[in-house]
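Reader: I am new to this structure and would like a close look at a single part of it. Please pick one part, say what surrounds it, and then place it in the whole.

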Amino acid sequence: MRHTIPFRNWQLSLGLMSVAATGLLLLGCEGIISTPDVSTTPGAATAGGPGTAGIPGQGGTTGMGGVTGAQATGHVSTPVSRLTNQEFVNSAKALLSLPQNAALPDNVEQQLAAEPVVRGLTNDSNNQQLTQGALAGYLAFADALTNTFLKDVKTTADLAARLKCSELGGSAGDLASCTRNFAKSLVPRAYRRDATEAELLQVAGLITRVDAIIAELKAAPDALSSHVLRVKTVIRQLLLSPNFLLLVERGVVDGSAQPLAPKRLSSFEIASRLAYFATASAPDNALLDAARQNQLGDPQVRFDQAQRLLNSQTGTDQFTNTLKNWLAIDPDAASTEDQRALTEFLGKWFSEQKPFSDFYQGTVTVEHVDKTQSQEPFGVLGARAFITSHSSFPTPGFIKRGIFVVESLLCGTLPDEIPSGAITGSGGTEVEVFQNHARQPCASCHRVFDNYGAALQQFDTETGLYDPKDQKLGTDFQLPDLNGISGTVSNVADLGKVFGASKRAPDCMADLWYRHTMRRGLSELQGDRATLDKLVGAWVATGNTSLKSLLGVIVKSEDFVTLVP
């Protein structure tokens, strides 16, 4: 017989507690971020990012990036970033041991608030904000996740099995104790570190408050609905906790160190950095155990843990998805089949540790204008998902593609001021626009990017189809010197060869993954450029130019375990 809930307004009670949890999140952020060596002023701007104005009910935002005290105090800034949508989803599912591909109702994952993409990444802490809209999305997701977790629970025996009471020291006949033990087991996994006694007492107190509500409603405390309410409330509270949503790195406090000196990350901070770097999810039990044993300070242990995570399907998916974001693949412009083909190419390039040059020269299937297909050594530059994502009308394709290649794939800088007419074209055919650019006052601007795009114009601007005979813009395009990129190209194959053999293109790839690791943009103040150059040098010195080799170099470096204020 299907169990029915014996009191009608339990949903209202749960909703009120959820609203309270949302308010506590915003109010609790200051407590989580503030430490004895950090002074914050609510609502004041901070050195590392936007100010805090996250007052519940007033539509404010809580900026990420860093929290710091008054300059006169000499206190160290505390880098803080919010979990990205993907990290939040992955971590929440992992917390409840649900498969990463577990489907949730109402398409709730896609309803999370949009987040800015900064040069291919969504985890740039200086551009993250925690808004009321984002919190509403988290709450809706938490509801859907808990409902999925408890979906088939119809009896107390079902719930005991779902909570794994036999492993927690409880049984179906003692669900009250099991629920409390289940809650205690979730806390360290949700917080990605060992919980304090105060935090465990706080969760126990939450269950006590739920019990008071159940008693007030005159519901049976041992009824299934009562136990379900306790479990749902604990899960929702943890998923909305700042300890779960925010990643705060304080480093190991050393009384002898200068306030603004670099500090070593704690073992659990290293575990979190490594887990989100490799899988976009929380540390698993093996990584947390290594942190508890203080093993992650050893570069080889970090490398071995990274290899374990990177060799998983989750690791491959994480890096494939990040590369697609970096390539700015537009799901509305690229077909599902073309996106699948690109994902397959990137996954194979990554997992099989192919050399960097294959990123731009590996074999891809190319569809011609006459509907035939051929295998060509064009790498991502010839992947139709990439081509169609960077096609436009009426803007000439060579302009849009050239700008993207220079800015994103080569980390180049365009002139400070580009006339709007130069971006949209001055009318006429693409051939006429391309030829006119050489004679216009803005020719110096267009020389930076036009020829890169022109080399890709064998792919139709609107359809992305390939015409090997189409050289309508000419040949022998002279590439401007971009600190490691130069030469003459006539087509996409030539362009791929230049990129594959250059220093600039792999440097830009390393830039992407270093920013991904540090969850912020590069900073001259923090010496990031010199650090990046050192890492690239170490990568090249290995003789293995695969992406996995680069990631291994990053993970084994001291910079990976160092907090630079």
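Author: What follows starts with one helix near the end of the chain, goes through its surroundings, and then turns to other places in the protein. The model is predicted, and local features are described only at pLDDT of at least 70, side-chain atom pairs only at 80 or more, while totals for chains, interfaces and linings use all residues. Numbering starts from 1 along each chain as its sequence is written, and side-chain values use heavy atoms, without hydrogens or water.

The protein has 24 helices and ten strands (DSSP runs, H or I of at least four residues for helices and E of at least two for strands, numbered from the N terminus). Of its 565 residues, 52% are buried (under 20% relative accessible area; exposed is over 50%, partly exposed in between; 1.4 Å probe, protein chains only). Take the contacts (heavy atoms within 4.5 Å) between residues at least 6 apart in sequence: 65% of them join residues at least 24 apart.

The chosen part is helix α24, residues 547–556. This helix is mostly covered, with nine of its ten residues buried. The buried ones are Leu547, Lys548, Ser549, Leu550, Leu551, Gly552, Val553, Ile554 and Val555. The cover over these residues includes helices α10 (267–279), α12 (299–310), α13, α14, α22 (504–518) and α23 (528–541).

Lys548 is one of the buried residues of α24, and its charged end sits over the ring of Phe350, 5.2 Å from the ring centre (the rule asks for NZ of Lys or CZ of Arg within 6 Å of the centre and within 35 degrees of the ring normal). Phe350 is itself buried, with a relative accessible area of 1%.

Phe350 also has an aromatic partner. The protein has 19 aromatic pairs (rings of Phe, Tyr and Trp, the last by its six-membered ring, with centres within 6.5 Å; planes under 30 degrees apart are stacked, over 60 edge-to-face, the rest tilted). In one of them, the rings of Phe319 and Phe350 are stacked, because their centres are 5.1 Å apart and their planes stand at 15 degrees. This pair links distant parts of the chain: Phe319 belongs to helix α13 (residues 313–326) and Phe350 to helix α14 (residues 336–351), with their positions 31 residues apart. Phe319 is buried at 0% relative accessibility.

Another pair, Phe386 with Phe404, is tilted, at 6.0 Å centre to centre and 55 degrees between the planes. Phe386 lies in helix α16 (residues 384–389) and Phe404 in helix α17 (residues 397–409), 18 residues apart. Both rings belong to buried residues, Phe386 at 2% and Phe404 at 11%. Ring pairs also build a cluster out of Trp326, Trp349, Phe356, Phe359, Tyr360, Tyr452, Phe499 and Trp539.

Back at the cover of α24, two of the covering helices, α10 and α13, also pack against each other. Their axes are 7 Å apart and meet at an angle of about 70 degrees (lines fitted to C-alpha atoms over the stretch in contact, with angles from 0 to 180 degrees between N-to-C directions). That makes the two helices roughly perpendicular (65 to 115 degrees; under 35 is roughly parallel, over 145 roughly antiparallel, the rest oblique). Tyr276, Phe277, Ala278 and Thr279 of α10 make the contact with Thr314, Gly315, Gln318 and Phe319 of α13. Phe319 thus appears both in this contact and in the stacked pair with Phe350.

Tyr276 of α10 leads on to another buried place. Glu87, in helix α2 (residues 85–95), has a relative accessible area of 3% and is buried. Leaving aside neighbours within four places in sequence, Glu87 is in contact with Arg82, Tyr276, Ala280 and Arg519.

A second charge over a ring is found elsewhere: Arg192 lies over the face of Phe244, at 5.8 Å from the ring centre. Arg192 sits in the loop between α6 (175–191) and α7 (197–216) and is buried, at 3% relative accessible area. Its phi is near 65 degrees, a positive value in a residue other than glycine. Asp476 has a positive phi too, near 55 degrees, in the loop between α20 (443–454) and β8 (477–479). Whereas Arg192 is buried, Asp476 is exposed, at 55% relative accessibility.
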